[in-house]
Amino acid sequence: MNNEKRMLSPEQHEEILRILKARFEKNMDRHKDLEWANIQARLETNTEKLWSLCEMERTGGEPDVIDHDKQEGEYIFYDCSAESPKGRRSVCYDREALESRKEHKPKNNALDMAADMGIEILTEEQYREMQRLGKFDTKTSSWVRTPDNIRKLGGAIFCDRRYDTVFVYHNGAESYYAARGFRGSLRV
């Protein structure tokens with residue numbers, strides 16, 4: 001996607017900052033030692049990343065700061081919506097899986113959508129880290145980054161939370177379900 005399309009209007013810029021600040025203040029337990037002013041300053045100088053956060057928000061991800069990489073100076077955002085983001089469900093895992101379907105193809109796939117949004121799909125480790133911040137995906141599930149050895153055999157993995165436990169499952173990468181989407185991360 002070209003950079004012209006990754007620009008926010010002044011109104012969109014202010015709106016996403018307002019939303020992110022309100023979410024940050026409402027969920028201080030996710031980022032106890034961080035200060036909004038520092039995060040906002042970083043966002044103000046990274047407008048393309050702010051566009052990506054706006055896309056995360058637009059598709060129902062409810063992005064929030066979950067950590068600060070002091071070495072790199074980057075703030076880490078994850079989709080923190082209670083369930084897998086609504087605007088990213090009913091997608092298969094990747095383009096290869098999408099192209100392999102003969103009929104009843106989904107409209108998109110998780111990896112291409114994430115790339116178009118400028119975000120990374122969560123890994124299993126990141127997904128488990130997110131689950132320490134709350135209870136997510138108790139009714140839905142989310143594709144996670146699949147190891148190459150599994151993907152080469154036609155599979156993909158997804159996670160959810162049931163019975164107060166995080167589960168990792170497998171499925172054919174071409175499968176898609178109304179209750180399965182994906183969650184992303186973004187470093188700013």
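Which side chains does a polar contact of 2.8 Å join? In this predicted model, the two partners are R161 and D164, whose side chains meet at that distance.

R161 is a useful place to begin, since several features come together around this residue. R161 belongs to strand 5, and because its relative accessibility is 11%, where anything under 20% is called buried, R161 counts as buried. Besides its contact with D164, the side chain of R161 reaches the backbone oxygen of G134 at 3.3 Å. Leaving aside residues up to four places away in sequence, R161 touches Y127, Q131, G134, K135, F136, D137, T138 and V166.

One of these neighbours, D137, leads to another part of the chain, for D137 forms a salt bridge with R183 in which the closest N and O atoms are 3.0 Å apart. D137 lies in the loop between helix 6 and strand 4, while R183 lies in the loop between strand 7 and strand 8, so this pair ties together parts that are 46 residues apart in sequence. Both D137 and R183 are buried. Elsewhere, salt bridges with shared partners join D69, E74 and R187 into one network.

Strand 5, which spans residues 155–162, is joined to strand 4 by three bridges, and the two strands run antiparallel; within this pairing, V144 has I157 as its bridge partner. On strand 4 there are also three bridges to strand 7, residues 180–182, but here the strands run parallel, and W143 stands opposite F182. In a regular strand the side chains alternate between the two faces of the sheet. Strand 4, residues 141–144, has S141 and W143 on one side and S142 and V144 on the other, and because all four are buried, both of its faces are covered.

After strand 5 the picture changes, for Y163, in the loop between strand 5 and strand 6, has a relative accessibility of 78% and therefore counts as exposed. Together with F167 and Y169, Y163 forms a nonpolar patch on the surface, and the accessible area of the three residues together is about 360 Å².

A further group of strands forms an open sheet of four, in the order 1-2-8-3 and with antiparallel pairing. Strand 1 (63–69) and strand 3 (120–121) stand at the edges with a single partner strand each, so one side of each has no neighbour in the sheet. Strand 3 pairs with strand 8, residues 184–187, over two bridges, and in this pairing E120 stands opposite S185.

The helices offer salt bridges of their own, out of a count of 19 salt bridges. In helix 1, R18 and E15 are three residues apart, which means that about one helical turn separates them, and the closest N and O atoms of their salt bridge are 2.7 Å apart. R18 is partly exposed, with a relative accessible area of 48%, and E15, at 36%, also counts as partly exposed. Helix 6, residues 124–131, holds R128 and E124 four residues apart, about one turn of the helix, and the salt bridge between R128 and E124 has its closest N and O atoms 3.2 Å apart. R128, at 32%, and E124, at 30%, are both partly exposed.

Helix 1, residues 10–26, also contains H13, which counts as buried because its relative accessibility is 15%. Not counting residues up to four places away in sequence, H13 touches L8, E44 and L50.

Definitions and conventions
Residues numbered from 1 in each chain as written. Predicted model: local features only at pLDDT ≥ 70, side-chain atom pairs only at ≥ 80, totals over all residues. Heavy atoms only, no water. Buried < 20%, exposed > 50% of the residue type's maximum accessible area, 1.4 Å probe, protein only. Pairing = 2+ DSSP bridges. Patch = residues over 30% accessible without salt bridge, like charges linked within 9 Å, V, L, I, M, F, W, Y side chains within 5 Å. Areas by Shrake-Rupley, 256 points an atom, 1.4 Å probe, with all protein chains shown as cover. Salt bridge = Lys/Arg side-chain N within 4 Å of Asp/Glu carboxyl O. Contact = heavy atoms within 4.5 Å. Polar contact = N/O pair within 3.5 Å; in protein donor to acceptor, adjacent residues only side chain to side chain.
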